[in-house]
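User: Hi! I've got a protein here that I'd like to talk through with you. Could you have a look with me?

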Amino acid sequence: MNRRKTVMLAIAGVVGIVTGSRRARAELNSHGDGRMAMASDEMSGVSNATHGSAAQLRDLKAVGPEAQVTAIQHRGDTFEVTTADGRTTVFRQTNLRIKIDASDRGPFAGKPVMLPGGMMGDRVTVFFALPADVAALIAFAS
């Protein structure tokens with residue numbers, strides 16, 4: 001077999017794979033009741049809520065001591081977060097998010113909650129009940 005035939009067979013194989021996967025996806029999504037599409041989302045951990053809002057839908061008043069933040073210390077380019085179970089974890093300042101949740105499902109005033117964020121496990125979000133709680137909790141070290 002010459003080079004031209006080999007290249008043509010390789011291209012035809014790639015086209016067949018791409019076309020086949022598109023066809024399979026179309027068949028999965030073609031069910032009128034959407035069962036297959038929902039099942040694949042559930043297996044990947046995606047809820048029916050909008051992406052990124054899963055943490056806000058969780059009742060932040062009912063978390064355990066491993067997620068209840070008691071102190072945040074800012075040192076250089078890192079934050080040291082201490083939780084109610086006594087554990088201190090260090091995060092780069094770009095990997096710690098601060099959010100306010102004043103809803104009925106938000107944390108208690110003065111008792112922020114830390115939840116994991118990001119796909120790599122290196123990011124966290126600290127939820128506060130009020131904006132005033134942020135300044136009251138974070139200490140800046142020299």
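User: Let's start with the sheet of four strands: what is the strand order, and how do they pair?

Analyst: Happy to help, and keep in mind that this is a predicted model. The order is β3-β2-β1-β7, in an open sheet with mixed pairing. The edges are taken by β3 (88–92) and β7 (138–140); each has a single partner strand, so one side of each is left without a neighbour in the sheet. Neighbouring strands are turned by 25° against each other on average, direction ignored.

User: Nice. How many bridges join β1 to β2?

Analyst: Six bridges, with β1 (residues 69–75) and β2 running antiparallel. One of the pairs is Val69 with Thr83 as its bridge partner in β2. The two strands make a hairpin with two residues between them, and Gly76 in that turn has a positive phi of about 60°.

User: And which way do β2 and β3 pair?

Analyst: Antiparallel, over five bridges, with β2 covering residues 78–83. Within that pairing, Glu80 has Val90 as its bridge partner, and Phe79 has Phe91.

User: What sits between β2 and β3?

Analyst: They form a hairpin with four residues between them, and Gly86 in the turn has a positive phi of about 90°. Ala84 is also placed in the loop between β2 and β3.

User: Ala84 then: how accessible is it?

Analyst: Ala84 counts as partly exposed because its relative accessibility is 39%, which falls between the 20% and 50% cut-offs.

User: What is Ala84 in contact with, apart from its sequence neighbours?

Analyst: Leaving aside residues within four places in sequence, Ala84 is in contact with Pro65, Gln68 and Thr70. For Thr70 there is also a backbone distance: its C-alpha atom and that of Ala84 are separated by 5.8 Å, with the two residues 14 apart along the chain.

User: Back to the other edge. Do β1 and β7 run parallel or antiparallel?

Analyst: Parallel, joined by three bridges. Ile72 has Ile138 in β7 as its bridge partner.

User: Switching topic: what is the order in the sheet of three strands?

Analyst: That open sheet has the order β4-β6-β5, again with mixed pairing. Here β4 and β5 (113–117) stand at the edges with a single partner strand each, so one side of each is left without a neighbour in the sheet. From one strand to the next, the twist averages 30°.

User: How do β4 and β6 go together?

Analyst: They run parallel and are joined by five bridges, with β6 covering residues 123–128. Lys99, for instance, stands opposite Phe127 in β6.

User: Where is Asn95 placed?

Analyst: Asn95 lies in the loop between β3 and β4 (96–100).

User: Is Asn95 buried or exposed, and why?

Analyst: Asn95 is buried, because its relative accessible area is 13%, under the 20% cut-off. Not counting residues up to four places away in sequence, Asn95 touches Asp122, Arg123 and Val124.

User: I'm also curious about pockets. What is the volume of the second largest pocket?

Analyst: About 170 Å³. Thirteen residues line that pocket, and those closest to its centre are Gln68, Phe108, Lys111, Pro112 and Val113.

User: What classes of residue are in that lining?

Analyst: Eight are nonpolar, three are polar and two are charged. Gln68, among the residues closest to the pocket centre, also turned up earlier as a contact of Ala84.

User: Good link, thanks! Zooming out, how many helices and strands does the protein have?

Analyst: Four helices and seven strands. Along the sequence the pattern reads α-α-α-β-β-β-β-β-β-α-β.

User: What share of the residues is buried?

Analyst: Buried residues make up 23% of the 142 residues.

User: Last one: what part of the contacts comes from residues 24 or more positions apart?

Analyst: They account for 50% of the contacts with a separation of 6 or more.

Note on methods
Residues are numbered from 1 along each chain as its sequence is written. This is a predicted model: local features need pLDDT of at least 70, side-chain atom pairs count only at pLDDT 80 or more; totals for chains, interfaces and linings use all residues. Side-chain values use heavy atoms; hydrogens and water are left out. On a 1 Å grid over the protein atoms alone, a cavity is a set of points where a 1.4 Å probe fits but cannot get out, and a pocket is an open set with protein on both sides within 12 Å along at least five of seven lines; lining residues have an atom within 4 Å of a point. Grid points are joined across faces, edges and corners, and a volume is the space filled by probe spheres set on the points. Ala, Val, Leu, Ile, Met, Phe, Trp, Tyr, Cys and Pro count as nonpolar, Asp, Glu, Lys and Arg as charged, and the others, Gly among them, as polar. Two strands pair if DSSP finds at least two bridges between them. Axes are lines fitted to C-alpha atoms, for helices over the stretch in contact, and angles run from 0 to 180 degrees between N-to-C directions. Buried means under 20% relative accessible area, exposed over 50%, partly exposed in between (1.4 Å probe, protein chains only). Contact means heavy atoms within 4.5 Å.
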